[in-house]
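Trainee: Could you take me through this one and show me where the labels come from? I'd like to see the reasoning behind each call.

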Amino acid sequence: MHKSVDYSTCTCGKRSYHCRRDASKAKRSHPQQKHLTVYRCAYTGQLHLGHTPEALRRGDISRDELAASQRNHHPVAA
Ligand SMILES: [Zn+2]
């Protein structure tokens, strides 16, 4: 088995990393790392690795607006 960074599964179904260093390490080992960004989950505030949204990259929307839209698309039962 190859050694990988430690992570748990978030409420939203994504991998949540315990610290930014782990997330960055996971990013570096990813083939599409150029398109990935470390961000905080809109639900739990945990660290996720995800594709950089086009609108955010262009500066059309802020990170807060993006988080709000993600909340609307994926409501989570309390
Ligand atoms: Zn999450």
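**Labels and the values behind them**

Mentor: Sure. The protein has three helices and four strands, and bear in mind that this is a predicted model. Going from the N terminus, the order of elements is β-β-α-β-β-α-α.

Trainee: How do you know that Lys34 is exposed or buried?

Mentor: Count the C-beta atoms around it. Lys34 has 9 other C-beta atoms within 10 Å, and exposed means 12 or fewer, so Lys34 is called exposed. It sits in the loop between H1 and E3. Its C-alpha atom is 8.9 Å from that of Thr52, which is 18 residues away along the chain.

Trainee: And what makes Lys25 partly exposed?

Mentor: Lys25 is part of helix H1. It has 15 other C-beta atoms within 10 Å. The exposed label stops at 12 and the buried label starts at 20, so Lys25 falls in between and is partly exposed. Its C-alpha atom and that of Ser4 are separated by 8.8 Å, with the two residues 21 apart along the chain.

Trainee: Why is Cys12 called partly exposed?

Mentor: By the count again: 16 other C-beta atoms lie within 10 Å of Cys12. That is over 12 but under 20, so partly exposed is the label for Cys12. You'll find Cys12 in the loop between strand E1 (7-9) and strand E2 (15-17). Its C-alpha atom is 8.3 Å from that of Cys41, 29 residues away along the chain.

Trainee: How much of the protein counts as buried?

Mentor: 10% of the 78 residues.

Trainee: What makes a group of residues here the largest nonpolar core, and which residues are in it?

Mentor: The five are Tyr17, Ala23, Ala26, Leu47 and Leu49. Helix H1 (20-28) and strand E4 (47-51) are the elements that give two or more residues to this core. To qualify, residues of nonpolar type must be buried and joined through C-beta atoms within 7 Å. In soluble globular proteins, nonpolar side chains tend to be buried together.

Trainee: Which residues does Leu47 contact beyond its neighbours within four places in sequence?

Mentor: Ser16, Tyr17, Arg20, Ala23, Val38 and Arg40. Tyr17 and Ala23 also belong to the core with Leu47.

Trainee: How do you know that E3 and E4 pair?

Mentor: Pairing takes at least two bridges, and strand E3 (residues 36-40) and E4 have five, in the antiparallel sense, so they pass. Leu36 is bridged to His51 of E4, and Val38 has Leu49 of E4 as its bridge partner.

Trainee: What joins the two strands of that hairpin?

Mentor: Six residues lie between E3 and E4, and in this hairpin Gly45 takes a positive phi near 75°.

Notes
Residues are numbered from 1 along each chain as its sequence is written. This is a predicted model: local features need pLDDT of at least 70, side-chain atom pairs count only at pLDDT 80 or more; totals for chains, interfaces and linings use all residues. Two residues are in contact if their C-beta atoms, placed from the backbone, lie within 7 Å.
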